[in-house]
Amino acid sequence: MEQIEAWSEFNVAMVGATAALAGLVIVASSVNIAEIIKSNTLTARLAAAIAALVLAIIVTGVGLVPGVGMLWYGVVIGASTLVAAIFQVHATLVIVRDPDPEHVGRLLKTVLGFAPIIAYAAASIALLLGQPAGLTIAAAATLLAIVSAIVVSWVALVEVLR
């Protein structure tokens with residue numbers, strides 16, 4: 001528990017910043033929602049990005065729960081990661097099946113979305129095995145989720161306005 005508590009300041013900063021970012025992504029997307037839903041891939045990619053941000057909120061929020069142990073923290077991260085992975089798998093399937101030849105960079109779009117999911121899965125496994133390094137991996141995954149969501153959101157909004 002002490003090891004998780006050592007991350008409390010990071011978790012406080014990240015839960016607030018990530019929640020604010022998730023709200024901004026939703027608001028920015030809603031401004032152009034009529035155009036976004038016309039795209040074959042943008043809706044799924046934005047949903048996956050928001051799911052990754054919600055995952056980051058859950059992970060950093062649960063890291064602030066008094067008395068949470070590494071085992072239960074690993075369980076929560078793992079279960080939450082599975083839910084977020086469903087969104088990313090769906091987005092990947094939509095990207096791969098998109099017949100539009102102008103939609104290049106399918107691999108990059110997919111890898112970018114899976115980066116935080118893979119990192120959170122690694123954090124969960126490490127914590128379930130009692131490895132404190134899982135906390136550092138979870139922190140890195142949170143930063144990856146933020147960067148990934150910002151990039152996906154920016155690209156989506158630029159694609160809509162082209």
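1. In this note, Ala, Val, Leu, Ile, Met, Phe, Trp, Tyr, Cys and Pro count as nonpolar, Asp, Glu, Lys and Arg as charged, and the others, Gly among them, as polar. The model is a predicted one, in which local features need pLDDT of at least 70 and side-chain atom pairs count only at pLDDT 80 or more, while totals for chains, interfaces and linings use all residues. Residues are numbered from 1 along each chain as its sequence is written, and side-chain values use heavy atoms, with hydrogens and water left out.

2. The cavity comes next. A cavity is taken as a set of points, on a 1 Å grid over the protein atoms alone, where a 1.4 Å probe fits but cannot get out; grid points are joined across faces, edges and corners, and the volume is the space filled by probe spheres set on the points. By this rule there is one cavity of 30 Å³ or more, and the largest cavity holds about 70 Å³ of space.

3. The lining of the largest cavity, meaning residues with an atom within 4 Å of a point, consists of Ile-4, Trp-7, Phe-10, Asn-11, Val-59, Thr-60, Gly-63, Tyr-73, Leu-135, Ala-138, Ala-139 and Thr-142. Two or more of these residues come from each of α2 (8-31), α4 (42-62) and α7 (133-161), where helices are DSSP runs (H or I, at least four residues) numbered from the N terminus. Helix α7 gives the most to this lining, with four residues. By residue class, the lining of the largest cavity divides into eight nonpolar, four polar and no charged residues.

4. A search of the whole structure finds one aromatic pair, a term used for rings of Phe, Tyr and Trp (its six-membered ring) whose centres lie within 6.5 Å, with planes under 30 degrees apart counted as stacked, over 60 as edge-to-face and the rest as tilted. The pair is made by Trp-7 and Phe-10, which meet edge-to-face at 5.6 Å centre to centre with 85 degrees between the planes. Buried means under 20% relative accessible area, exposed over 50%, and partly exposed in between (1.4 Å probe, protein chains only). Trp-7 is partly exposed because its relative accessible area is 25%, and Phe-10 counts as partly exposed because its relative accessibility is 21%.

5. A nonpolar core is a set of buried Ala, Val, Leu, Ile, Met, Phe, Trp, Tyr and Cys residues joined through side-chain atoms within 4.5 Å. The largest such core has 23 residues, and those with the most contacts inside it are Val-59, Tyr-73, Ile-77 and Tyr-120. The elements that give two or more residues to this core are α4, α5 (70-97), α6 (106-128) and α7. A second, separate core has 15 residues, including Val-25, Leu-46, Leu-53 and Val-160.

6. Three residues can be followed through their contacts, where contact means heavy atoms within 4.5 Å. Tyr-73, in helix α5, is buried because its relative accessible area is 3%. Leaving aside neighbours within four places in sequence, Tyr-73 is in contact with Ile-4, Asn-11, Val-59, Thr-60, Val-62, Gly-63, Val-68, Leu-127 and Leu-135. Ile-77, not counting residues up to four places away in sequence, touches Leu-55, Val-59, Tyr-120, Ser-124, Leu-127 and Ala-138. Thr-81 also lies in helix α5 and is buried, with a relative accessible area of 5%; outside its neighbours within four places in sequence, Thr-81 is in contact with Leu-55, Ile-117, Tyr-120 and Ala-121.

7. Leu-21 and Ala-49 can be read against residues far along the sequence. Leu-21, in helix α2, is buried at a relative accessible area of 16%, and, leaving aside neighbours within four places in sequence, is in contact with Leu-53, Ile-146 and Ile-150. Ala-49, in helix α4, counts as buried at 7% relative accessibility, and touches Ala-149 and Val-152 when residues up to four places away in sequence are not counted. Ala-49 and Ser-148 are 99 residues apart in sequence and 7.1 Å apart in space, C-alpha to C-alpha.

8. Ala-34 has its place in helix α3 (residues 33-36) and is partly exposed, with a relative accessible area of 46%. From C-alpha to C-alpha, Ala-34 and Val-160 are 9.5 Å apart in space, with their places 126 residues apart in sequence.

Definitions and conventions. 1 Å grid on protein atoms, 1.4 Å probe; cavity = no way out; pocket = protein on both sides within 12 Å on 5 of 7 lines; lining within 4 Å.
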